[in-house]
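The following note was prepared for a colleague who will work from the coordinates. Please read the points alongside the sequence and the structure.

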Amino acid sequence: MAETTALPKPAAHGTPLPLIGKTSTKPTWCPGCGDFGVVAAVEMAVKRLQIPSHNVVIVSGIGCSSNLPHFLSSYGFHGIHGRALPVAEGIRWANHGLTVIGTGGDGDGFGIGAGHFIHAMRRNVDLTYVTMDNQIYGLTTGQASPTSTLGVKTKSTPNGVIENPIDPISLALASGATYVARGFSGDVKQLADLVANGIQHRGFAFVDVFSPCVTYNKINTFDFFRQRVYKLESAGHDPSDIVAAWQRSLEWGDKIPIGLFYKVDKPTYEDLEEVLTAGPLALQPAGLHGKEKLLDEFV
Amino acid sequence: MSEIAVRIGGEAGDGIASVGESIARSFSRMGLHVFGFNAYQSVIRGGHVWYQARASPEHAHSQGDGADIVYALHRETVGIHAAGVRAGGTVIYDPEKFQVEPTDLPAGVTALGVPTLAIARKYTSQSILQNAAGTGAAAFLAGIPLDLFQEVLRDSFGGKKGEVVDWNLGAAAEGYHFAEQHASVHPHAPSQQGAPKLLMSGNEAIALGAAAAGCKFLSQYPMTPASSIMHWMAAHSPQIGVVVKQAEDELAAINMAIGASFAGVRAMTATSGGGFSLMVEALGMAGMTETPLVVVDAQRAGPSTGLPTKTEQGDLNLILGAGQGDFPRAILAPATPLEAYRAMIDAFRLAEDWQTPVIVASDLHLSESFQTVDRSDVDLNVAIPSLFPVAPNGHSYLRYQHTDSGVSPRAVPGQPGLQFVAGSDEHDERGHLVSDIVAGIPKWVSERQRMMEKRMKKLGGIARDAPPPVFEGPAGAPLTFVAWGSVVGAVRDAIVDLADGGKATNLLRFPTVYPLDAAAVTAAFGKTKRTLLVEQNFSGQFGRLLRAETGLVPTARFLKYDGEPFMPHEIVAKALEVI
């Protein structure tokens, strides 16, 4: 018996389907947490694109920000620390009709999950990865993170961090991401644009978000970023120019750029994986019915 | 019993495995039972390697105890293998390379010098062609018809044509005819037995079984001896519709498979002990999120990097205990390629029916040895139920609903109205976290307890649903072997050998290692007199599990942990001590 499926086709025109919205689950974040702006931006982006909530999967790892899938009405997978991206990739390859959004923090994505981050980008998997970068470990009550600034004192570095921070933007450029952006949860409107454009982008879209931790990071605060961020689109930056993107990514100090650093169109992993050219894997037949000729090679 | 074993030894890079396999495949096409054993080291060039093809009209459950024809590509092979040649046997060598004196060989074994290099030189300056000439000589001694042997060689080039194929066929024929003129066919050489059998490795059977069971996604990181599962799948990927993903590491491999399964595709990963160790946390996540998952652990000798190309059953404690906290799992342990094929079908069925991880414990000896399978035993038409069983029912949908069986209705992304979040945190019936949101609130404390009980309830169902222990051999025998996994093969051979010597023994084997149905196992043990546990690890890990689960303790244990597979005569000797 070939596999049959009740998985629905996209809704016919004129049939309203529920778009993504808030759930009744109250976010676990501290009042004033930057992540509130991020969940709002993700919700705005998906609504704007009119993607029905049942065709969206939000995947996360572990950390304060990784609780995000519970607060939106799409499908969600809240996995283990650092492994959001491989789960998200598996979901994409199983059904590339779905919109897959990875969410998480800087520890999850650039610390324990750094290897997956690099490899997902070089594959150009068509998914959107939104990191809520607060430069601190929040859920474990305030240790240094891979993006903590040199010299910052935390519970695990009482004399100051003695390692250089990772720069997620230049790491993404070096790793082959085809859409590289930085947002600020203090500017939800721009962030929603960056996420929506990232979802529409065919390929790996990376949106690193300054999402301040109001409890454990007293340096990289909303005010810190408000005083420093400027918008790349207002500064004449050409996002098709990778050298310019690289130069902008190195800016950190009195002026910090936000917006779209780089965008290029390249074939996605799903385009190049031969089996997926026949359509979403979940809808393809399963098993070896009638394929007895396969056994000939064993004779 | 009539049997013949051909052993070819040389250095890595000599093409030993491919010529050895050509002998094995010639035997399987003759309709014989075959066991092809590949002994190699963790080097790509140099180092002693050997391949043995054992064939019999009756059975070949293991690599056996000795050889009848040894083709030695270098002098070292003679030193290592001469003592294992049985009376009436022959050692093939090339006098141009080294000499073999009668004193090098056991009584009744003769040496046959074949000018393999000289034959090769007629065709090419590439000396590797010598192995076709030497193997041709071995094929003659083993009673393999030349045209059949040449056909196997031709097929091994995958339909390619050209001078390399012609050289191999020509050199093989010259070696064959040289032996024909200077020696006789071995008296035990078996004759054609009818329909050709299939010859496959355990890993090929695992891959085939997975695909037949509806697996459409394999993510894996290379590791001996699991890699050839990925190789087979990758080679057939578009043909069978399986996406094969070589992941950046085993952490990614298992998480990708879980993601694919969550999204409605039967998915698996495969590895060996070192890679499995990296998968441990995600295994628990599959248990917690109740996501079906099949993981193959092709065990090799540990601990740590251990003996990468040697066999062991030392991962049982690992795969049994892997993961923090308690969650239900099943561990299947096939013994042969045919059992491995069927175990994969069982594994996918159990994983999906019980929404939890199932581990298939192979080992190097099963995964990489080649054994024959009757074509009629391989049924590719496996019933595969739809993965989308839940009808939309709006807001009342509870992904983790409490049920009598512990199994809740599973929706997959894309189904309208059934959205839920699968969480690795503890959660309620809807999937909402009860971990850090509601800690300490009495209602949710009890919900946590109920959720644990819901998941663990599945274990009882799995125990009833998984393949039960199997008795083989004469009832009421004075000694019963207890074994699991590839060791069963050598035990089966030993039982035959003991019977030939007038000693009746039988076997209680465990295709499911965990969970054990204690009542069924106890009843099975009630039919035994003395029992001998044969297991390939240091501490008798299955023996400990058996005792923990049932209180049963075998009369004696025979444990081996030198990396080499059990040989039937070792088991026979131990059995005679215990009887």
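**Note on chain B**

1. The structure is a predicted model. Of the 579 residues of chain B, 63% are classed as buried. The accessible surface of chain B amounts to about 19700 Å², and 53% of that area comes from carbon and sulfur atoms.

2. As to secondary structure, chain B contains 18 helices together with 21 strands. The radius of gyration of chain B is 26 Å, close to the 25 Å given by the globule rule for 579 residues, so the chain is as compact as a globular protein of that length. The C-alpha trace of chain B extends over about 90 × 55 × 40 Å along its principal axes.

3. Contacts in chain B with a separation of 6 or more were also examined by distance along the sequence. Of these contacts, 74% involve residues that are 24 or more positions apart.

4. The domain assignment divides chain B into domain 1 (4-196), domain 2 (199-377), domain 3 (394-465) and domain 4 (470-578). Between domain 1 of chain B and domain 2 of chain B, the C-alpha centres are 33 Å apart. To the contact between them, domain 1 of chain B contributes 18 residues and domain 2 of chain B contributes 12 residues.

5. Regarding charge, chain B carries 45 positive and 58 negative side chains. How far apart do the centres of the two sets lie? The separation between the centre of the positive set and that of the negative set in chain B is 4 Å.

Conventions
Residues numbered from 1 in each chain as written. Chains lettered and ligands numbered in written order. Predicted model: local features only at pLDDT ≥ 70, side-chain atom pairs only at ≥ 80, totals over all residues. Heavy atoms only, no water. Helix = DSSP H or I, 4+ residues; strand = E, 2+ residues; numbered from the N terminus. Rg over C-alpha atoms; globule rule 2.2 N^0.38 Å. Buried < 20%, exposed > 50% of the residue type's maximum accessible area, 1.4 Å probe, protein only. Contact = heavy atoms within 4.5 Å. Areas by Shrake-Rupley, 256 points an atom, 1.4 Å probe, with all protein chains shown as cover. Lys, Arg positive; Asp, Glu negative; His and termini not counted. Charge placed at Lys NZ, Arg CZ, Asp CG, Glu CD. Domains from an automatic or database assignment.
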